[in-house]
Amino acid sequence: MIVSLPKAKEYLRIDTDAEDDIVRKLLRSAEQLCMDVARLNADEFKACGAIAKTAVLYTVGYLYEHRDAADHKTLTITLRSLLMGIRRESF
């Protein structure tokens, strides 16, 4: 994963280990969603560095805070804007 569990927990301000499983799952989902929106494979996405990490942290934060009622369309549109600089134009 491009963002470590401790870094994600720091970003989410989680001090305990009680939610580690959910944060791991959200991290995997967030990274895959960001790669899909950017139309990049894992190696290409990791090579984007800070932009990719920021997008994953934003996504995991959104998914964590809105886990009961996430608006995935809005999230995807926001990610398109965030990742526009690294997004592949076509498949």
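Which residues are buried in α1? Leu5, Ala8, Lys9 and Leu12 are. Buried means under 20% relative accessible area, exposed means over 50%, and partly exposed lies in between (1.4 Å probe, protein chains only). Helices (H or I, at least four residues) and strands (E, at least two) are DSSP runs, numbered from the N terminus.

This is a predicted model, in which local features need pLDDT of at least 70 and side-chain atom pairs count only at pLDDT 80 or more, while totals for chains, interfaces and linings use all residues. Residues are numbered from 1 along each chain as its sequence is written, and side-chain values use heavy atoms, with hydrogens and water left out.

**Helix α1 and its end**

Back to the buried residues of α1: Leu5, Ala8, Lys9 and Leu12. They cover an arc of only 100° around the axis, so they sit on the same side of α1. The arc is taken over the directions from the helix axis to the C-beta atoms. Pro6 and Glu10 are exposed on the other side of α1. The cover over the buried residues of α1 includes α2 and α4.

Arg13 comes just after α1. Its place is in the loop between α1 and α2. Arg13 is exposed, at 75% relative accessibility. Its phi is positive, about 60°, although Arg13 is not a glycine. Most residues other than glycine have a negative phi. Arg39 also has a positive phi, near 60°, and is a residue other than glycine. Arg39 lies in the loop between α2 and α3 (42–46).

**Salt bridges**

A salt bridge is a side-chain nitrogen of Lys or Arg within 4 Å of a carboxyl oxygen of Asp or Glu. By this rule there are 4 salt bridges. The table gives three pairs, including two that involve Lys9.

| Pair | N to O distance |
|---|---|
| Lys9 and Asp17 | 2.9 Å |
| Lys9 and Asp20 | 2.8 Å |
| Asp21 and Arg24 | 3.3 Å |

Lys9, Asp17 and Asp20 are linked in a network of salt bridges. How buried or exposed is Lys9? Lys9 is buried, with a relative accessible area of 10%. Its partner Asp20 is buried too, at 12%. Asp17 is exposed, at 58%.

The side chains of Lys9 and Asp20 meet in a salt bridge. That pair links distant parts of the chain: Lys9 is in helix α1 (residues 5–12), Asp20 is in helix α2 (residues 20–38), and they are 11 residues apart.

Asp21 and Arg24 pair within one helix. They are 3 residues apart in helix α2, so about one helical turn separates them. An α-helix has 3.6 residues a turn, so residues three or four places apart point the same way. Asp21 is exposed, with a relative accessible area of 53%. Arg24 is partly exposed, at 33%.

**Core and contacts**

A nonpolar core is a set of buried Ala, Val, Leu, Ile, Met, Phe, Trp, Tyr and Cys residues joined through side-chain atoms within 4.5 Å. The largest has 28 residues, and Phe45, Val56 and Leu83 have the most contacts inside it. The elements that give two or more residues to this core are α1, α2, α4 and α5.

Contact means heavy atoms within 4.5 Å. Setting aside neighbours within four places in sequence, Val56 is in contact with Ile2, Val3, Leu27, Ala30, Glu31, Cys34 and Phe45.

Thr59 lies in helix α4 (residues 50–65). Thr59 is buried, at 0% relative accessibility. Not counting residues up to four places away in sequence, Thr59 touches Ala30, Leu33, Cys34, Leu75 and Leu79.

Arg80 lies in helix α5 (residues 72–82). Arg80 is partly exposed, with a relative accessible area of 38%. Apart from neighbours within four places in sequence, Arg80 is in contact with Val37 and Arg87. Arg80 and Lys46 are 34 residues apart along the chain, and their C-alpha atoms are separated by 17 Å.

**Rings**

Rings of Phe, Tyr and Trp (its six-membered ring) pair if their centres lie within 6.5 Å; planes under 30 degrees apart count as stacked, over 60 as edge-to-face and the rest as tilted. By this rule the count is 0 aromatic pairs.

The charged end of Arg67 sits over the ring of Tyr64, 4.3 Å from its centre. A charge sits over a ring if NZ of Lys or CZ of Arg is within 6 Å of the ring centre and within 35 degrees of the ring normal.
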